[in-house]
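Reader: I have a two-chain model open on my screen and would like to go through it with you. Can we take it step by step, with the reasoning behind each label?

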Amino acid sequence: MAVVKGNSQGSQANGAGGNGNGRSTWPSRGKGYSVPGSGVTFPPLRNRLKALVVDDMSACYRYERAILQSFGVETDVAETGEEAVEIFANGAYYDLVLIEKYLTIYAMTGVEATRRIRGMGFQGKMLAVTAFTSQSDRFEFFDAGIDAYLIKPITHEMIWPYLLQIDNQIA
Amino acid sequence: MALRTRLHNYIESLKEEGVLDSQYDHVKSLQPDDDPCFLVDIINNFCNDADHSIGELANVLSEPIVDYAKVMTLVCLLKGSSSSIGGCRMAVACRQLHDASVNGDLANCCMAYDKLVNEYYYLRDKLKTVHQMERTIMHNEERKKK
């Protein structure tokens, strides 16, 4: 199975030292994030991570993008499964994908998009983010290739362990 | 400052009513310094998405043979959207429609749909008031800077 090597335009455009996988090796410029009113502070990530949010509902993807950006994660959005698949087919690289199960009633579901993205060799973290869950839903989505299943709305506390795991895996 | 206080009190009253929950404050806290329109834009996005999905639901439920998979898709999207913005009562109404559609119960689906629409319209009206107050505050702050 071929590994997708991204050509992350953002990091190349900024002249950063890449590591050949299209991923920037800058240290994160974030200062960490303190969740207001909770006293919880997340330390800054060591690496500049890149994420893709796949969701049809603009309020949802704007919210999820804001959460990721608050951690210093560069975040793109795809509003359909087809768009997400095309992004990967064009060679883009992401460390993390958040994907809604349902997307639209007329086109590719999140499950199918996940299957196709994995089929292209993407080995990064893929998290399902959706409003309802049933055992059959979970089974179907895990079978397609997601790594975890989160219920909306996501929070900093929910997403942090995955970002930390990704961050720690990068040398 | 008086308008900020009124807005704060208004939102607290919506929380006491159960229309909004603390998720709304969480969304507001994510507003970046360089994007003062973030919150008003998310409110707008929510209303536009929900208007569209509610309309689609009406179409799907009025078909001679109801496609319950489509109903579940649309209600899932609505629940995700409403819960992301803190619209907890609307999210509960979505759950009721979802449960009715899982059972393939058209009568209950229609009742649950009517309840969902009522909750949405109520939430939308309240959010429009919040939206107007936020925009006025933004406008006043812009004028102070000049």
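Author: Sure, let's begin with chain B, whose elements run α-α-α-α-α-α from the N terminus on. Keep in mind that this is a predicted model.

Reader: How many helices and strands does chain B have?

Author: Chain B has six helices and zero strands. Its C-alpha trace spans about 60 × 25 × 20 Å along the principal axes.

Reader: And what pattern does chain A follow along the sequence?

Author: Chain A reads α-β-β-β-α-β-α-β-α-β-α-β-α. That gives six helices and seven strands.

Reader: Why is Asp25(B) called partly exposed?

Author: Its relative accessibility is 31%. Buried would need a value under 20%, and exposed one over 50%. The value for Asp25(B) falls in between, so partly exposed is the label.

Reader: Where does Asp25(B) sit, and which residues is Asp25(B) in contact with, leaving aside neighbours within four places in sequence?

Author: Asp25(B) lies in helix α2 of chain B. With those neighbours set aside, its contacts are Ile11(B) and Lys15(B). For that, heavy atoms have to come within 4.5 Å. As for Met90(B), that residue is 65 places from Asp25(B) in sequence, and the two C-alpha atoms are 17 Å apart in space.

Reader: What share of each chain counts as buried?

Author: In chain B, 48% of the 146 residues count as buried. In chain A, the figure is 54% of 171 residues. The cut-off behind both is a relative accessible area under 20%.

Reader: What about the surface that each chain exposes?

Author: Chain B exposes about 7300 Å², with carbon and sulfur atoms supplying 50%. For chain A the accessible surface is about 7400 Å², and 50% of that belongs to carbon and sulfur atoms.

Reader: On to the interface. How many residues does each chain bring to the contact?

Author: Chain B brings 30 residues and chain A brings 24. The area buried between the two chains is about 2400 Å², and carbon and sulfur atoms give 69% of that. Leu30(B), Cys76(B) and Leu77(B) supply 24% of what chain B buries against chain A, more than any other three residues.

Reader: Why give an area for an interface at all?

Author: The accessible area lost when the parts come together is often used to give the size of an interface.

Reader: What makes the pair Asp35(B) and Arg62(A) a salt bridge?

Author: Their closest N and O atoms are 3.7 Å apart. The rule asks for a side-chain nitrogen of Lys or Arg within 4 Å of a carboxyl oxygen of Asp or Glu, so this pair passes. Across the interface of chain B and chain A, the rule finds two salt bridges.

Reader: How many residue pairs are in polar contact across that interface?

Author: The rule finds four such pairs, with both residues at pLDDT 80 or more. On the side of chain B that touches chain A, the elements giving two or more residues are α2 (23-29), α3 (38-61), α4 (68-85) and α5 (88-102). Of these, α4(B) gives the most, with 12 residues.

Reader: And how do the residues on that side of chain B divide by type?

Author: They split into 12 nonpolar, 11 polar and seven charged. Leu counts as nonpolar and Asp as charged.

Key. Residues are numbered from 1 along each chain as its sequence is written. Chains are lettered from A and ligands numbered from 1 in the order in which they are written. This is a predicted model: local features need pLDDT of at least 70, side-chain atom pairs count only at pLDDT 80 or more; totals for chains, interfaces and linings use all residues. Side-chain values use heavy atoms; hydrogens and water are left out. Buried area is the accessible area (1.4 Å probe) that two parts lose on being put together, summed over both. A polar contact is a pair of N or O atoms within 3.5 Å; within protein, one must be able to donate a hydrogen and the other to accept it, and residues adjacent in sequence count only if both atoms are side-chain atoms. Buried means under 20% relative accessible area, exposed over 50%, partly exposed in between (1.4 Å probe, protein chains only). Accessible areas come from the Shrake-Rupley method with a 1.4 Å probe; for residues, only the protein chains shown count as cover.
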